[in-house]
Structures are given as structure tokens and as C-alpha cells.
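Please open the model in a viewer and keep the selection panel at hand. The stops below indicate what to select next and what is to be found there.

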Amino acid sequence: MASIADYYAGKNVLITGATGFMGKVLVEKLLRSCPEVRTLYLLVRPKAGQSMQERVSDMMKCKLFDRVREDNPDFHQKIVPISSELTQPALAISPEDVERLTSCVNIIFHCAATIRFDEPLKHALQLNVIATQQLLSLAQQMHHLQAFIHISTAYANCNRRHIDEIIYPPPVEPKKLIDSLEWMEDSIVRDITPRLIGERPNTYTYTKALAECVVQRESSKLSIGIIRPSIVGASWQEPFPGWIDNFNGPSGVFIAAGKGILRTMRANNDAVADLIPVDVVINLTLAAGWYTAVHRPKAALVYNCTTGGINPFHWGEIEHHVMSSFKRNPLEQAFRRPNANITSNYLMNQYWILVSHKFPALIYDLYLRLSGQKPQMMRIFNRLHKAIGLLEYFSSQDWEWNSENMSMLMSHLSPEDRKVQHSTLTCVS
Ligand SMILES: CCCCCCCCCCCCCCCCCC(=O)SCCNC(=O)CCNC(=O)[C@H](O)C(C)(C)COP(=O)(O)OP(=O)(O)OC[C@H]1O[C@@H](n2cnc3c(N)ncnc32)[C@H](O)[C@@H]1OP(=O)(O)O
Ligand SMILES: NC(=O)C1=CN([C@@H]2O[C@H](COP(=O)(O)OP(=O)(O)OC[C@H]3O[C@@H](n4cnc5c(N)ncnc54)[C@H](OP(=O)(O)O)[C@@H]3O)[C@@H](O)[C@H]2O)C=CC1
């Protein structure tokens, strides 16, 4: 049985979202564990005054790539940045680059998305749905494509309590929505967004559900795998423990608690906190790419990449672990001694917000004003309250994901891959 690294040997891989949190880990893992991979084409846009080449060179200098650099100091030769703005027609890829990609790409990993919970619907639709559709059109022109792997989210169907590894009917026909929003003014779209997203909490989960449907429609023409990770956190083992580069999801909440700023948050102590380390998600993603290309399943296979069904961990336990870890390793320049509590009671939470957040912030801002400095604490708390208000939906409820396809995937691995993926299994079990 050929190993996953054998499959990727000599392959040309196209990756979107490579400059993002998960994309970087995917690039690193491919270069380190599949050293014979031929070329990684990264669709990147210029940003913040940096060209796409500068962005990719900066990314490769990051500590995350230290092990790859040690193994192969010339690893950057395998990376080819391709200029692309995914919100533009035809993804703004030049005709020469289209030609190059269509003639050689063997596998696509589509990681790019807007993951903001407060993204205006039009923009979320443009990036998460329309860009996915355009990438699928490009994929169909590729002469040697063997697999298209789409990164979705376990919360795309968070309006359901039990989520199987199937693609559910979309909340609305994507094409109809795209056509209608095209002519509508932004203010009208903003007004009707709550009605459109219905039971979903935000435009992110709504557009990710639509994207799954768009991807599924191409499954008769392409071999497709859909990965649905739950809440992706810092790396567990690879390339080293604890790597993370953002404040998304719970990470920002943990830091705010460690700085002594956040003292209270509404969450259900007994609800499962479905966290999954980024390296575990990426190991599964690469294995799913291999399986899709080699076994060419007739319908798109969905992999719920979650931990709660196998090794449930609860928000109440998280409170305990976060607090004891900050007591052992205090953060520098903390506002107060960390002491955060979780409560499921709305009124109790409001009371503690008043007493432990707003009142100390007012006093501190008064002190800053009196000492001739600019007040800032109330502004920080307002941002924090906005952020936790958007996260509470996920920390106050329980979901149940079926993850049979993950087990099926493991059973198909060669003995040597199973050893590598064994860490993945021991993490979730
Ligand atoms: C002990 C208690 C423990 C309690 C635990 C309970 C935790 C519960 C948490 C539940 C989480 C559930 C998440 C579910 C995720 C679904 C999974 C996914 O599919 S997808 C993934 C899920 N998707 C998401 O998670 C996205 C959610 N996030 C958002 O949608 C937006 O960030 C926002 C609306 C919350 C704030 O928007 P806005 O106000 O515009 O602010 P910006 O974003 O623009 O950031 C401005 C700047 O501030 C920086 N910074 C941020 N935080 C912190 C911090 N804590 N400190 C310091 N700095 C921080 C930030 O880096 C940035 O810096 P720079 O780049 O400018 O230099
Ligand atoms: N993080 C999590 O907890 C989870 C994430 N996911 C999914 O995983 C995938 C990756 O998420 P994550 O890495 O956390 O997200 P990030 O926000 O870290 O990365 C998003 C990536 O998309 C790129 N991108 C965004 N807009 C454009 C654009 N207009 N043109 C070109 N590229 C663009 C970004 O590029 P740039 O650097 O130029 O902005 C970046 O590389 C997403 O599909 C997300 O839905 C699923 C479950 C949980």
C-alpha cells in the first residue's frame, strides 16, 4: 500500500488561503512530510503595502518553518506564489498563470474564506460562495486534477443539533441569492440579513453552508472531499506544540482572561467545547486529499473533523485549565490578577459585567484622564463585549457530529501512515 507521502511525490498542489492560520500549517506539513512534492502554487493577494512575493517570503521566515528549513534550506524553490484576488472576476489570475495552472495542477486545497462573524452578507457571499464557484470552474479546466479539497466548518449546519457527514439542502438556492443581492444596495442587504440567515447566528456559517452546496454540485465532474473542522486551536505536536498566530475563537478570550480583563462570560459549563488542534486538522486534510485522489469516490465525501463525540471536553473544564495555567504562567502587564468565571445565567453575567468590567474600566479611565492620558479601558471593554457577544452562541449550546468518515479514512491508511496519523487518533480519543 503506497503511503501518503508517496502519493504527493511529484505532484503539483494549488492552495488558497495559504497565508492564513490553517493554510500556513498545511504548506509547512506538505513540505516537511512530503519532501518529494513538486510545486506548491499559492494563490496570494498583495496586502498592506506588501507584494505577494514579499508576503510569501515573510511567511517562510516564520518560526513555523524552522524544521522545514533545517531539513531543506532551499525549500522556497518549491513555492510559487500566484497573484490572485478571490473577490475579483475569474479570481484576477492572469491568462498566463491560468494556462500554467490548468496544465499541471494535480490537487487543490481551498482554505481561503472570510471567517469574521460580523462580515456584511454581500462580502461573505462574494468570498465564501462566489469565489468557491469560480475556483471550481478553474478546477474543471485542469487537465490533470485528481482531487478538490474544500475546507468548510463543522458549524455550517449549526441550526441542527445532530450533524451527519452529508451535505444538507441549502437555506436558499445560492444562485437566486447571488442574483438578488447583486442589484441591492448595501443598506437594504444589511436590513434583510437577519431574515435571510434565519436560525444561523451569522453570515459566516450561512455562507459556508451555501458554499458546501455549490461544491457538491460539481461532484459529478470532480473528485471532491469536504473537511468540516470544529473550533481550530493551537498545534498539539507538529511542527512544535502550541503554535498559533491569531486571536480567533476562544484564543482571544483566553488571552483577555489571562490579562485579567475578562472576568465573566456566558457559556454552558456542561456543554462540549469541541476544540481541535490545527495540526490534527491538517493531517486529516492531507489524508483526505490522498484518499479522494486515489479512490475517486463517486459523491463528495464529507469529513466532520471534531473531537466531542470521541473525547468530550467541557467549557467548565476549560475555565479550570485556563485559570490554573495563567496562575502558573502569568502574562506580562496584566490589568488585574486573572479570575474569570463562566456562567450560563444571563442576569448573573450582566451583573458581573457591570461590577467586574464596566466599573473598574470607568475608574481606570478616570485615573487616566486625571493624569493627563487618553482614556482607553472602556473602549477595550466595548470591543471585548462585542466579540464575546458573537462567540456566546457557540459556547452555550451542544452539538453532536457523526465522524464515521474519519474512522473510515484511518482504516485505509498504510501501516506507516497510521503511525503518523496515530497521533491524530490518540488526540481525539
Ligand atoms: C476562562 C474563561 C474561558 C472561557 C472560554 C469560553 C470561550 C468561548 C469561545 C467560543 C468560541 C467559539 C468559536 C466558534 C468558531 C466556529 C469555528 C469556525 O468555523 S471559524 C473561526 C472562527 N472565526 C472567528 O473566531 C472570528 C471571530 N472574530 C470576529 O468575527 C471579529 O474578530 C470580531 C467581530 C469579534 C471583532 O472584530 P473587530 O472589533 O473589528 O476586531 P478585529 O478582529 O479586526 O481585531 C482588531 C485587532 O485586535 C486584535 N485582537 C483581537 N482580539 C484580541 C485580544 N483578545 N487581545 C489582543 N488583541 C486582540 C486583532 O489581532 C487585531 O489586531 P491587528 O490585526 O489590527 O493588529
Ligand atoms: N480557524 C478556525 O477555527 C476554523 C476555520 N475553518 C475554515 O478553515 C479555513 C481557513 O481558516 P483560517 O486559516 O482560520 O482563516 P484565516 O482568516 O487565518 O485565513 C484566511 C485566508 O483566506 C485568504 N483570503 C481572504 N480573503 C481573500 C481574498 N479576497 N483573496 C485572496 N485570499 C483571501 C487570506 O488571505 P490574506 O492573508 O491575504 O488575508 C488567508 O490566507 C476557512 O475556510 C475557514 O472557514 C473551519 C473551522 C474552524
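## The shell around ligand 2

By class, the shell around ligand 2 comprises 13 nonpolar, 8 polar and 5 charged residues. Please bear in mind throughout that this is a predicted model.

Select ligand 2 together with its surroundings. The ligand is surrounded by 26 residues, and the closest of them are Thr19, Arg45, Arg55, Glu85 and Tyr204. Next, display the contacts made by oxygen atoms of the ligand. A polar side-chain atom of Tyr204 lies 2.6 Å from an oxygen atom of ligand 2. For Lys208, a polar side-chain atom is 2.7 Å from an oxygen atom of ligand 2. At Ala113 the backbone takes this part: one of its N or O atoms is 3.5 Å from an oxygen atom of ligand 2. On its own, ligand 2 has 890 Å² of accessible area, of which the protein covers 88%. Colour helix H2 (21–33) and helix H9 (203–216), the elements that give two or more residues to the shell around ligand 2.

## Arg45 and Glu85

Keep Arg45 and Glu85 selected, as both are among the closest residues to ligand 2. Their side chains meet in a salt bridge, with an N to O distance of 3.7 Å. Which parts of the chain does this pair tie together? Glu85 lies in the loop between strand E3 (79–83) and helix H5 (95–104), and Arg45 in the loop between strand E2 (39–44) and helix H3 (52–61), so the salt bridge links parts that are 40 residues apart in sequence. Glu85 has a relative accessible area of 22% and is partly exposed. Arg45, at 37% relative accessibility, also counts as partly exposed.

## Salt bridges within helices

The whole structure contains 16 salt bridges. Two further examples may be selected for inspection.

Return to helix H2 and select Glu28 and Arg32. A salt bridge joins their side chains at 2.7 Å, N to O. Why are these two residues separated by about one helical turn? They are 4 residues apart in helix H2, which means a separation of about one turn. Are Glu28 and Arg32 buried or exposed? Both are buried.

Then move to Asp66 and Arg69, whose closest N and O atoms are 2.6 Å apart in a salt bridge. Both residues lie in helix H4 (residues 66–71), 3 residues apart, about one turn of the helix. Asp66 counts as partly exposed at 31% relative accessibility, and Arg69 counts as partly exposed at 28%. Now add Lys29 and Glu238 to the earlier selection of Glu28 and Arg32: salt bridges that share partners join these four residues into one network.

## The shell around ligand 1

Select ligand 1 and its neighbours. There are 28 residues around ligand 1, and Arg116, Phe117, Thr153, Gly249 and Arg383 come nearest. Which backbone atoms approach its oxygen atoms? One is an N or O atom of Phe117, 2.8 Å from an oxygen atom of ligand 1. Another is a polar backbone atom of Gly249, 2.7 Å from an oxygen atom of ligand 1. Arg383 contributes through its side chain, where an N or O atom is 3.1 Å from an oxygen atom of the ligand. The protein covers 71% of the 1400 Å² of accessible area that ligand 1 has on its own.

Colour helix H10 (250–258), helix H12 (315–328) and helix H14 (377–395), each of which supplies at least two residues of the shell around ligand 1. Which element gives the largest share of this shell? H14 does, with 6 residues. By class, the shell around ligand 1 has 19 nonpolar, 6 polar and 3 charged residues.

## The annotated region and an exposed loop

Select residues 15–284, which UniProt lists, in an unreviewed entry, as "domain: Thioester reductase (TE)". Over these residues the chain is 41% helix and 14% strand, and the end C-alpha atoms are 16 Å apart.

For the final stop, select Lys298, in the loop between helix H11 (278–295) and strand E11 (301–305). Lys298 counts as exposed because its relative accessibility is 81%, and the cut-off for exposed is over 50%. A distance label from Lys298 to Leu284 should read 20 Å, C-alpha to C-alpha, for residues 14 apart in sequence.

Key:
Residues numbered from 1 in each chain as written. Chains lettered and ligands numbered in written order. Predicted model: local features only at pLDDT ≥ 70, side-chain atom pairs only at ≥ 80, totals over all residues. Heavy atoms only, no water. UniProt positions renumbered as here; feature names shortened; annotations may be inferred. Near = heavy atom within 4 Å. Polar contact = N/O pair within 3.5 Å; in protein donor to acceptor, adjacent residues only side chain to side chain. Areas by Shrake-Rupley, 256 points an atom, 1.4 Å probe, with all protein chains shown as cover. Nonpolar A, V, L, I, M, F, W, Y, C, P; charged D, E, K, R; others polar. Buried < 20%, exposed > 50% of the residue type's maximum accessible area, 1.4 Å probe, protein only.
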